[in-house]
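Student: Could you take me through one part of this model up close? I'd like to hear how a single strand sits among its neighbours.

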Amino acid sequence: MALPGRLALRTAPPGPATGWYPVARSAEVGTAPVPVGAGDRAYVVVRLRPGAEVTGFSPRCPHRLVPLAAGTVVDGRLQCPFHGWRFDAEGRCVEIPSLGTDGVAPPRADLGAPWAVEERDGWVWVAPDRTSSLRPPRLGGAVPQPEPVPAPPRPVGPVLGNLDPALDSAWHPVARADEVREGGYAQVRLLGRTWTVHRTGGQLSSVPPAWGVQERLGLIWLAPAEPADVPLDVPEDGDPRAVGAWLPGLRSSAPAGPLADVLLDGTRATSVPAGTAPGPLAVSETRLEREAGGFTGVRDEWSGEPGPDGGGRLLRRTTSVHRAPFQLMTRVEERDAGTVRTLLVLLQPEDADSTRVHTRVLLRGAGGAGVPPGALATAVAAQKAVLAEDLALSALLTGSGLPLLMRDELHVPADRLGVALRLALADFVAAAGARLRASA
Ligand code: FES
């Protein structure tokens, strides 16, 4: 027997999707969002309370385009797993945690929704656009075949993925320096290609030949073509007062651009253990400075206790530095403890769906003081835990790269560093493109 809903699907012209589409059995839809397809449109359907009616939403969070199928239902609202934006049954964004309790979400933060969602005969039906029949058709004993879930719409503007030709014009980390000993070699993946890096007579080279191979920051770097990037300056690198350790190499299936966006908030790794901060903290806005090849952001945290001059006492200064394409550094100066903790995160875009993460932690006592015993191990353990969390989050990213057009995502004031990252990468892509054209 032909089903009216399926007939509507087969005959629906491109553009408006009219008709009702059976998308899932009612029993399969609970308080965990389910991705579905209706009329070539992707949605998630979910019950915002156990046993409540089913609601349908567009499938991605407008903030960073994260699939809402990974969201959770909290207090009758759908919550995005990334930054906790919450959406009510109409798709209205009713909470953005970074805006604070008085913050008002911009209208673009709202989710799209299908025209109607109904349950009938044990199935959830979705009508993407206004349709003449107010209720889904009766099944009459037939078993519908929901259509496959289509890919959500792509961003309108350019997206920087791991195989973008612009990335040829940059230095990329490809191995730890101690992985290629004198007379030895290592096979590595970079930009979708295999390279063999050799160390002979103290010289580094590669097959196929690259524009350059060099050692820096304890890593081997390879530039396929003349680089257009600016190297990251790490004050603690080579400082005899600093101690450091590499974390085990890790990989993410996310492209390096979105992964850098997730990892940019390195401050969680370096915060003072709970209970050790005296008094309530006041946190300054991030002061951002765009620079050649990237940006620097500085944020201060002040004790609520009065300092010697009557004002607050600076407890901690966090400096985040980015150099395109994928070099990140976070330095945290702990004023009371007199230590500087530096976190380096350097990304290797191996393949379209594989990014290797090189992470190094450096510690230095201030004013010639030594690093307390066990402090490095503690910092490494904390960073490992944060990195594992961030990589788990990055596994939810399904896009092919980082959107470089601002209006493809939605940015709020807390996204200063993320916006700066996108602008720096757009500049890098433009500079690399100009260099490639000039050399063609
Ligand atoms: S809240 Fe959804 S991606 Fe940020």
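Tutor: Let's start with a pairing: strand S18 (residues 242–246) runs antiparallel to S26, and five bridges join them. To find a spot in that pairing, look for Gly 244, which stands opposite Leu 362 in S26. Bear in mind as you look that this is a predicted model.

S26 covers residues 354–365, so let's stay with that strand. Strand S19 (residues 250–252) is also joined to S26, through three bridges, and these two run antiparallel as well. Here the pair to pick out is Ser 252, standing opposite Thr 355 in S26.

Then there's strand S25 (residues 339–351), which pairs with S26 in the antiparallel sense over 12 bridges. Leu 343 in this case stands opposite Val 361 in S26. S25 and S26 form a hairpin, with two residues between them.

Now, how much of S26 is buried? With under 20% relative accessible area as the cut-off for buried, 12 of the 12 residues of S26 are buried, so the strand is largely enclosed by the rest of the structure. It helps to split the strand by face here. In a regular strand, side chains alternate between the two faces of the sheet. In S26, both faces are covered. On one side you have Ser 354, Arg 356, His 358, Arg 360, Leu 362 and Arg 364, all buried. On the other side are Thr 355, Val 357, Thr 359, Val 361, Leu 363 and Gly 365, again all buried. So go back to the pairs above with that in mind: Leu 362, the residue opposite Gly 244, is on the side with the three arginines Arg 356, Arg 360 and Arg 364. Thr 355, opposite Ser 252, and Val 361, opposite Leu 343, are both listed on the other side.

For a helix to set beside the strand, try H2 (residues 256–263): eight of its eight residues are buried, so H2 is largely enclosed by the rest of the structure too. Its buried residues are Ala 256, Gly 257, Pro 258, Leu 259, Ala 260, Asp 261, Val 262 and Leu 263.

To place all this in the chain, the protein is divided into domain 1 (4–127), domain 2 (171–227) and domain 3 (232–439). If you zoom out, the C-alpha centres of domain 1 and domain 2 lie 47 Å apart.

Conventions:
Residues numbered from 1 in each chain as written. Predicted model: local features only at pLDDT ≥ 70, side-chain atom pairs only at ≥ 80, totals over all residues. Heavy atoms only, no water. Domains from an automatic or database assignment. Buried < 20%, exposed > 50% of the residue type's maximum accessible area, 1.4 Å probe, protein only. Helix = DSSP H or I, 4+ residues; strand = E, 2+ residues; numbered from the N terminus. Pairing = 2+ DSSP bridges.
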